[in-house]
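Me: I have a chain open on my screen and would like to learn how to read its features one at a time. Could you walk me through them?

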Amino acid sequence: MSAHTPGPWHLTISHDTQPHWISGSRQFPRPIARITNYDGALEHTDRARDEANAHLIVAAPALLEALEALMSVLDRGYEVTLLATDQARAAIAQAKGDTK
């Protein structure tokens, strides 16, 4: 049993010096994580890297679901289905911040 906040998770991108926020779904709307753009010395870090990290974190529930679907198919001795590979590709795209 997993105790994490159910997905999908949502990302609020800040376009200034404020942190990016990750929150749960409408059923669990509380904040999950904050991605800041400062290092320990309060120096600006790479905003593009911060945003990429945020996309990867937001995709965690979808990545987990896609991997579980793939493993379910493989554990039953079947070949990977088109649905499972589509789900995996969509989760990977989400993790990379690809909105296409």
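**Reading the fold, feature by feature**

Reply: Gladly! Let's begin with contacts, where contact means heavy atoms within 4.5 Å. Apart from its neighbours within four places in sequence, V80 is in contact with L70, V73, L74 and T85. Keep in mind that this is a predicted model, in which local features need pLDDT of at least 70 and side-chain atom pairs count only at pLDDT 80 or more, while totals for chains, interfaces and linings use all residues. Residues are numbered from 1 along each chain as its sequence is written, and side-chain values use heavy atoms, with hydrogens and water left out.

Me: Where is the place of V80 in the chain?

Reply: For that we need the elements: helices (H or I, at least four residues) and strands (E, at least two) are DSSP runs, numbered from the N terminus. V80 sits in the loop between helix 2 and helix 3. Its C-alpha atom is 9.2 Å from that of A69, a residue 11 places away in sequence.

Me: And is V80 buried or exposed?

Reply: The classes rest on relative accessible area: buried is under 20%, exposed is over 50%, and partly exposed lies in between (1.4 Å probe, protein chains only). V80 has a relative accessible area of 35%, so it counts as partly exposed. Across the chain of 100 residues, 23% count as buried.

Me: How many helices and strands are there in the chain?

Reply: The chain has 3 helices and 3 strands, and along the sequence they follow the pattern β-β-β-α-α-α.

Me: In which order do the strands form the sheet?

Reply: The general idea is that strands of a sheet pair through backbone hydrogen bonds, either parallel or antiparallel. Two strands are taken to pair if DSSP finds at least two bridges between them. Here 3 strands form an open sheet in the order 1-2-3, with antiparallel pairing. Strand 1 (10-12) and strand 3 (31-35) each have a single partner strand, so they stand at the edges and one side of each lacks a neighbour in the sheet. On average, neighbouring strands of this sheet are turned by 20° against each other, direction ignored; axes for such angles are lines fitted to C-alpha atoms, for helices over the stretch in contact, and angles run from 0 to 180 degrees between N-to-C directions.

Me: Which bridges should I look up?

Reply: Strand 1 and strand 2 are joined by 3 bridges, and L11 has I22 as its bridge partner in strand 2. Strand 2 (residues 20-23) is joined to strand 3 by 4 bridges. I22 also has a bridge partner in strand 3, namely A33.

Me: Which strands does helix 1 touch as it packs on the sheet?

Reply: Helix 1 (residues 47-58) touches strand 1, strand 2 and strand 3, and its direction makes about 0° with that of strand 2.

Me: How do I read the buried side of a helix?

Reply: Look at the arc, which is that of the directions from the helix axis to the C-beta atoms. In helix 1, D50, A54 and V58 are buried. Down the axis of helix 1, the buried residues fall within an arc of 70°, so they line one face. They pack against strand 1, strand 2, strand 3, helix 2 and helix 3 (82-95).

Me: Which residues of helix 3 are buried?

Reply: They are A84, A88, A91 and A95. These cover an arc of only 65° around the axis, which puts them on the same side of helix 3. Helix 1 and helix 2 are among what covers them. On the face turned away from that buried side, helix 3 carries the exposed residues L82, L83 and R89. Just after helix 3, G97 takes a positive phi of about 80°.

Me: Let's finish with helix 2. Which residues is A62 in contact with, leaving aside its neighbours within four places in sequence?

Reply: A62, which lies in helix 2 (residues 60-75), is in contact with A91 and Q94. The C-alpha atoms of A62 and G7 are separated by 7.3 Å, although these residues are 55 apart along the chain. At 23% relative accessibility, A62 counts as partly exposed.
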